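Work through the exercises below with the sequence and the 3D structure at hand. Each task is followed by a solution in steps.

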Amino acid sequence: MTDRPSLLLLDGHSLAYRAFHALPIENFSTTAGQPTNVVYGFANMLANVLRDERPTHAAVAFDVSRRTFRAEAFPGYKAGRARSPEGFGAQLPVLDDLLAAMRMPAVRMPGYEADDVIATLAAAADAAGFRVLVMTGDRDALQLVGANVTVLYFYRTAAEMIRYTPALVEEKYGLTPAQYPDFAALRGDPSDGLPGIPGIGEKTAARWVREYGSLAALLERADEVRGKAGERLRDALDTVRLNRRLTELVRDLDLPVGLDDLERRPYDLPAFTRLLDDLEFRNASLRQRLFAADPGGGRPPEPKTRLRGRELRPGELAGWLDSHATGPVGLAADHGECVRIALATPAGFAASFLLDALSADDERAFAGWLADPGRPKAVHEVKALLRALPEHGRTLGGLTTDPALAAYLLLPGLAAYGIADLAARHLGRRPSAEGAAGTMLRAGAVHDLAAKLGPELAETGMDRVMDEVELPLAALLARVERTGVHVDGELLRDLERRFAAGMERAADEAAAIAGRRFNPGSTKQLQEVLFGELDLPRTKKIKSGFSTDLDALTWLATRTDNGLPRVLLRHRDQARLRATVAGLLREVGADGRIHTTFQQTVAATGRLTSTDPNLQVIPVRTGEGREIRRAFTPGPGFAALMTADYRQLELRVMAHLSRDPALLAAFESGEDPHTTVAARVFGVPPDAVTADQRRRIKAMSYGLAYGLSAFGLAKQLGVAVAEARPLMDAYFARFGGVRDYLGRVVAEARETGYTRTLLGRRRYLPHLSSDDRRRRETAERMALNAPVQGSAADIVKIAMLRVDAALDRAGLRSRLLLQVHDEIVLEVAPGEGDRVAGLVRAEMTAAYPLSPPLDAAIGAGADWDAAAH
Ligand code: DCT
Ligand code: MG
């Protein structure tokens, strides 16, 4: 390491273009439809170069427009360039936001190019004794290379970079960097629209510059150049002279910034975190690298937030708790090999210790303090701690809040709720250091976040959702996760083999149709076979050719007599099932049970999701889904599984919220509501409604709540738009209150900026007022869907809490195992079946005073499938 300052200069547009072409735009966009591939790729390259080069100074230069002194001197300059591709330009302002949040100057100079800005800054920095690094995809920058100036040139992606030193320029071109613009003038540059000399290639151009020393010398002695080449040169003298004026970079611009302004500064952390969240950048490695590049990352905390913290020696904890842990305490836990705990107090004291290395006195004092409901504590991601605590024989009391849950309620749908992310966003600091000091900084952040977010929750009226639903649910879920669900491993392995064989069969059939073997899992090979060899109708264009995704294959199957798309769909299906089963098998613990992790802060609607394994991917309605569920069985000591799910929960919520008289009446009749609705729409008596009509009307009821258009409905119902539209009109003619309600929801959300569920859970949808139609419509669909889905989520969560509490009160051994979709799964102890069923029904229907009232279906059996009703 040297103490010399170093300056990193980036060519903004050329980096942006590389990013655009390296990352397929169709894979990078926000839920609102804003493309993000440029920003993502740019941020990624920037994070890497900052990590690898650790410059003390940095700036990004951008072109302003095509009107430059070069274009004035030569109208053909860059004139042949295609317009920037669709979706590119809209991301450039976001790059500015990114750089602003990183406090990295973006430098522009009207009339000049980014290259000239870079040349000027590089020259100034060189003169001031800096090391300079120029990162660009433009070879003209090679003229800047010198003893102190290195050019990082990327040709295709930033991963393929060449580091140009003077020696490497010499080696590659046989020229000095100073000779490069001479060479470039002779060679011309097709990408800039600069003509070369007909018949003269790079080799000759370079040789001339080498032999004559410079272009000036060559032109002076042009007569001496012999042969055809000489003639050609003499014919092109004007071109070459003009080129030479354009290839020289300007090094003495009068820029609005000086070197001092380029010194790297701490990020504007709240703005920076907000931006990453808005862009929905969830990739943990990218976030980590970007935050790690913050020069403020290691700065000492502000005096206000400075902790007087230390690692406690054995025997010190009891005393520390007595003297410091008197008010609300922030608790952070790192779940590594051993659990490290840190505590932080309102007065700024902090302590850290390993849970397994306490003295007997400490042990007693800590367990007592932790369990004491009278000693308030805030814990970040409390579910993880609660899942670990029983291992250590401890319980938690006095839990006031969990900043992750609070932040989620205040703003669901963020990309990350980690403590460092939340601290960055809400406190403007990022406590991500390793070891004891890091854990203490995090405990401090937990304390400060709790103090900051608590009042905000109260202001929005969501403190009740927190206290009555999310916090107690975290405790319940921790227990449910620990319990796990017993599976029949043999059956799962059997299924995995069967699905693998199904894949194999489909691959064989596909090979027979295609006339050769290929890998149906490879997009590239699929494209070759489908669109090359078989010349089937073209699907949606994607970066790598034509799409072969599920939608594309489904569409293709309807557009051709060729059986291949159908076989490929079957292959995909079997592959997906196999992966699902493999995912389950991977998670079977030594106790023969699967311990999923519930995610309380992932779905923006308020629903629970699960990971490791993700239970939502087990198909609900198919035969294969049922076979997989057969492998979920009661564990030793238990007699049966029981499932309980609400009947028509979303439709009841819709009726409750819309107060549509016809829909309410459909429930009051006591008949099956979907059948009644279908009878009204089709104008037939209820007993004449076919199963298919019921299914279609059900899909319609829910489709409307999800904001489907006639087009979307047609797709979902598998009918023509012309058939869907009259159906939709008939529906709204009967159930006008539903339409009015849906209209009201969007209008109100546009006004307030958010939707609300029955319990007041909010979802913010700023794009409802966007000028961009696509974004606005996406937000409208979310607004329609959020109250119904979110209220259903509220109700299911309350039901779980009530069922659990009732089981406990009744002293029953039966217990909750899973929650997935609208379903609750329980493990029933011998002899308890009837009581549990009665209790579950009572608690589920009483979960919320809905009108029409809630109704639940309950079943029990020897496995999850047999328990279905
Ligand atoms: N769902 C949906 N679109 C469909 C079917 C279902 O969005 N076409 C969602 C909303 C309800 C949830 O899935 C549960 O599905 P079902 O149990 O089929 O719905 P239900 O209203 O409870 O109907 P049923 O009386 O047939 O169970
Ligand atoms: Mg149902």
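**Exercise 1.** How many Å separate a polar side-chain atom of Lys698 from an oxygen atom of ligand 1?

Solution. The model is a predicted one. Find Lys698 and pick a polar atom of its side chain; an oxygen atom of ligand 1 lies 2.5 Å from it. Then take Tyr702, where an N or O atom in the side chain is 2.4 Å from an oxygen atom of the ligand. Last, go to Arg621: a polar atom of its side chain is 3.0 Å from an oxygen atom of ligand 1. A pair of N or O atoms within 3.5 Å counts as a polar contact. The protein buries 72% of the 550 Å² that ligand 1 exposes when taken alone.

**Exercise 2.** List the residues around ligand 1 and sort them by class.

Solution. Step one is the list: Arg621, Gln648, Glu650, His674, Arg694, Lys698, Ala699, Tyr702 and Tyr706 surround ligand 1. Step two is the sorting, which yields four charged, three nonpolar and two polar residues. Step three asks which element contributes most to this shell: helix α29, residues 691-705, with four residues.

**Exercise 3.** Describe how helices α28 and α29 pack, and decide whether they are parallel or perpendicular.

Solution. Two packed helices are described by the angle between their axes and the distance between those axes. Here α28 (residues 673-682) meets α29 at about 95 degrees, and the axes are 9 Å apart. The two helices are therefore roughly perpendicular to each other. From α28, the contact uses His674, Thr675, Val677, Ala678, Val681 and Phe682; from α29 it uses Gln693, Arg694, Ile697, Lys698, Ser701 and Tyr702. By class, the residues of this contact are six nonpolar, four polar and two charged. His674, Arg694, Lys698 and Tyr702 also appear in the list of residues around ligand 1.

**Exercise 4.** Locate two cis peptide bonds and a positive phi in the backbone.

Solution. Most residues other than glycine have a negative phi, and most peptide bonds are trans. Start at the bond joining Asp612 and Pro613, which is cis with omega about 0 degrees. Pro613 sits in the loop between β18 (609-611) and α25 (623-630). Next, the peptide bond from Ser851 to Pro852 is cis, its omega being near 5 degrees. The loop that holds Pro852 runs between α34 (833-845) and β24 (856-861). Finally, Arg54 is not a glycine, yet its phi is positive, about 45 degrees. Arg54 lies in the loop between α2 (37-53) and β2 (57-61).

How values were computed. Residues numbered from 1 in each chain as written. Chains lettered and ligands numbered in written order. Predicted model: local features only at pLDDT ≥ 70, side-chain atom pairs only at ≥ 80, totals over all residues. Heavy atoms only, no water. Near = heavy atom within 4 Å. Polar contact = N/O pair within 3.5 Å; in protein donor to acceptor, adjacent residues only side chain to side chain. Areas by Shrake-Rupley, 256 points an atom, 1.4 Å probe, with all protein chains shown as cover. Nonpolar A, V, L, I, M, F, W, Y, C, P; charged D, E, K, R; others polar. Axes fitted to C-alpha atoms, helices over the stretch in contact; angles between N-to-C directions. Parallel < 35°, antiparallel > 145°, perpendicular 65-115°, else oblique. Contact = heavy atoms within 4.5 Å.
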